[in-house]
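Hi everyone, thanks for coming. Let me put the structure up on the screen, and then we'll walk through a couple of spots in it.

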Amino acid sequence: MKAVRIHEHGGVDVLRIDEIDKPSISPDEILIQVKTAALNHLDLWVRSGIPGVTFPLTMGSDAAGIVVDANGSAEFKTGDEVVIAPMRFCGECPACKNSMDNLCRDFRIPGENYQGVMAEFLTVPEKYVLPKPAQLTWEETAAFPLASITAYHMLKNKVDIQAGQWTLIYGASSGVGSAAIQIAKSMGAMVITTVSSEEKSKLAMQIGADHVINYKKQSIAKTVHEITAGQGVDVVFEHTGQ
């Protein structure tokens, strides 16, 4: 089968379409034919030089596809449309047992420190396989998981955002930022977000932002002060730093 892999760090030229063996299925795994895989900024960092990469590495964290071998699963059957959760954890350490698997001592992300999803077929442990939302296209489904999990964890698990709270979300046009706007609005928050162009401003409004600040033309602090009548915001969603 074909897979998108890197054998060294570098620019776009280090990406290779390799012919590799189709994976063998193990107990508790499901064999999936990949329909779509998404590109995250993480993939750019991994390709260009993020530490800890083992070569050769199949790229990609997010994918969706069709079950071709359910391997005795009670939940899935051949032909089911599914999406893959972009994480791996041990399930046994204290963090995992306390529902804090993101703090697992063996936490890994496909396409970073674990073989990724940009291949024709994948074997995935069943606990990381979820039904594909019927209302989403294949492309939307693949693009959804990693950015949305990050945004949800920040907004819900970290600060438990509440309806009516003023929330400042940096970087509306990024994957995590655009997911955060939609999640915050679904929870009833009032969203102020930042962009660098009028085109991005329009997109931010389309996905639910209440106010958009073009930081190239406006002071973020001053404009937030004006929008909130001097109150300021309850939550700052900062994900754009180094």
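**Two helices and a strand**

Okay, let's begin with helices α4 and α5, whose crossing is right-handed. Bear in mind that we're looking at a predicted model. When two helices pack, people describe them by the angle between their axes and the distance between those axes. Here, α4 covers residues 145-158 and α5 covers residues 175-186, and their axes come within 8 Å, crossing at roughly 55°. That angle makes α4 oblique to α5.

So which residues of α4 and α5 meet? On the α4 side you've got A147, S148, T150, A151, Y152 and L155. Facing them from α5 are G175, V176, A179, A180, I183 and A184. Sort that contact by class and you get nine nonpolar residues, three polar ones and no charged ones.

Now over to the strands. Strand β3, residues 29-37, runs antiparallel to β7, and five bridges join them. β3 also runs antiparallel to strand β5, residues 63-69, this time with six bridges. I32 is a nice one to click on: its bridge partner in β7 is L122, and its bridge partner in β5 is V67.

Last stop is V124, which sits in strand β7, residues 121-125. Is V124 buried or exposed? It's buried, because its relative accessible area is 1%, and the cut-off for buried is under 20%. Leaving aside neighbours within four places in sequence, V124 is in contact with D28, E29, I30, I32, I84, R88 and V129. And check out L31: it's 93 residues from V124 along the chain, yet their C-alpha atoms are separated by 6.6 Å.

Methods:
Residues numbered from 1 in each chain as written. Predicted model: local features only at pLDDT ≥ 70, side-chain atom pairs only at ≥ 80, totals over all residues. Heavy atoms only, no water. Helix = DSSP H or I, 4+ residues; strand = E, 2+ residues; numbered from the N terminus. Buried < 20%, exposed > 50% of the residue type's maximum accessible area, 1.4 Å probe, protein only. Contact = heavy atoms within 4.5 Å. Axes fitted to C-alpha atoms, helices over the stretch in contact; angles between N-to-C directions. Parallel < 35°, antiparallel > 145°, perpendicular 65-115°, else oblique. Left-handed = near helix turned anticlockwise from the far one by under 90°. Nonpolar A, V, L, I, M, F, W, Y, C, P; charged D, E, K, R; others polar. Pairing = 2+ DSSP bridges.
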